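Please read the following account with the sequence and the coordinates side by side. It moves from single residues to the sheet, then to charged pairs and the surface.

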Amino acid sequence: MEEPLPKSEPVHREKIIVQVKGGGVKRGDVATLIGDVENQKAAGGVLVTLEKPSKQMRTEAADAGRYTSKLWHDKDYPRIQILTLEELLDGKQRVDAPPQINPFAMAARESSREKQTEML
């Protein structure tokens, strides 16, 4: 008789808000994102723009601080990030955030699949 698979503990996931702006981005867009992050109790926010952010925008984002992911060994991440569409598509930038999967739950599923394959 096989032992049941261990139940995984509930995973605490946090929300990250993503906003996309076409042209004419300004420091106020970062302030709006910060407000949205706070109002929705999100862990952080990402502003994707067509234009490179100004120094004021980068300063505003940096001043928003960082957040810590408990699931990923207390690693911290920028609370507000500004990324350009061009650099995202070129692979020069990516969202700096915890992965969206639980590696412990995945390992349990893979173990279960291996046992099922052995049974066949």
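T84 counts as buried, because its relative accessibility is 6% and the threshold for burial is under 20%. In this predicted model, T84 lies in strand β5, and, once residues up to four places away in sequence are left aside, T84 touches T49, E51, K52, P53 and Q93. Strand β5 spans residues 80-84 and is one of the two edge strands of a sheet, the other being β1, residues 16-21.

That sheet is open and is built from 3 strands in the order β1-β2-β5, with parallel pairing. Each of the edge strands, β1 and β5, pairs on one side only, and from one strand to the next the twist averages 20 degrees. Strands of a sheet are held to one another through backbone hydrogen bonds, in either a parallel or an antiparallel arrangement. Between β1 and β2 the parallel pairing extends over 6 bridges, and V18 can be found there standing opposite V46 in β2.

The wider chain gives this sheet its setting. Its secondary structure comes to 4 helices and 5 strands, and the elements follow one another from the N terminus as β-α-β-α-β-β-β-α-α. Of the 120 residues in the chain, 30% count as buried, while the chain as a whole exposes about 8,700 Å², of which carbon and sulfur atoms supply 52%. When contacts between residues at least 6 apart in sequence are considered, 64% of them join residues at least 24 apart.

A second buried position, this time with an acidic side chain, is found in a helix. D29 lies in helix α1, which covers residues 27-39, and D29 counts as buried because its relative accessibility is 11%. Residues up to four places away in sequence again being set aside, D29 touches Q19, K21, G24 and L47. The side chain of D29 also meets that of K26 in a salt bridge, at 4.0 Å from N to O.

Which other charged side chains are paired, and what parts of the chain do they link? Side chains of opposite charge can pair when their charged atoms come close, and the count for this chain comes to 5 salt bridges. One of these joins the side chains of E38 and R79, at 3.9 Å from N to O. The pair links distant parts of the chain, since E38 is in helix α1 whereas R79 is in the loop between β4 (75-78) and β5, 41 residues apart. The two partners fall into separate accessibility classes: E38 counts as partly exposed at 47% relative accessibility, whereas R79 is buried, with a relative accessible area of 18%.

Another salt bridge is formed by R66 with D76, and here the closest N and O atoms are 2.7 Å apart. This pair, too, links distant parts of the chain, with R66 in strand β3 (residues 66-69) and D76 in strand β4, 10 residues apart. R66 counts as partly exposed because its relative accessibility is 48%, and D76 is likewise classed as partly exposed, at 32% relative accessibility.

The description can now turn to the surface. L50, L85 and L89 form a nonpolar patch there, and together they have about 320 Å² of accessible area. L50 is placed in the loop between β2 (44-49) and α2 (55-63). Is L50 buried or exposed? With a relative accessible area of 56%, L50 is exposed, because the cut-off for that class is over 50%.

A62 offers a further exposed position, this one in helix α2. Its relative accessible area is 58%, so A62 is classed as exposed. A62 and I82 are 20 residues apart in sequence, and their C-alpha atoms are 9.8 Å apart in space.

To look back over the residues visited, T84 in strand β5 and D29 in helix α1 were met as buried positions, with relative accessibilities of 6% and 11%. L50 and A62, by contrast, were met as exposed positions, with relative accessible areas of 56% and 58%.

Conventions: Residues are numbered from 1 along each chain as its sequence is written. This is a predicted model: local features need pLDDT of at least 70, side-chain atom pairs count only at pLDDT 80 or more; totals for chains, interfaces and linings use all residues. Side-chain values use heavy atoms; hydrogens and water are left out. Patches are made of residues with over 30% relative accessible area and no salt bridge: like charges are joined within 9 Å, nonpolar side chains (Val, Leu, Ile, Met, Phe, Trp, Tyr) within 5 Å. Accessible areas come from the Shrake-Rupley method with a 1.4 Å probe; for residues, only the protein chains shown count as cover. Buried means under 20% relative accessible area, exposed over 50%, partly exposed in between (1.4 Å probe, protein chains only). Two strands pair if DSSP finds at least two bridges between them. Axes are lines fitted to C-alpha atoms, for helices over the stretch in contact, and angles run from 0 to 180 degrees between N-to-C directions. Contact means heavy atoms within 4.5 Å.
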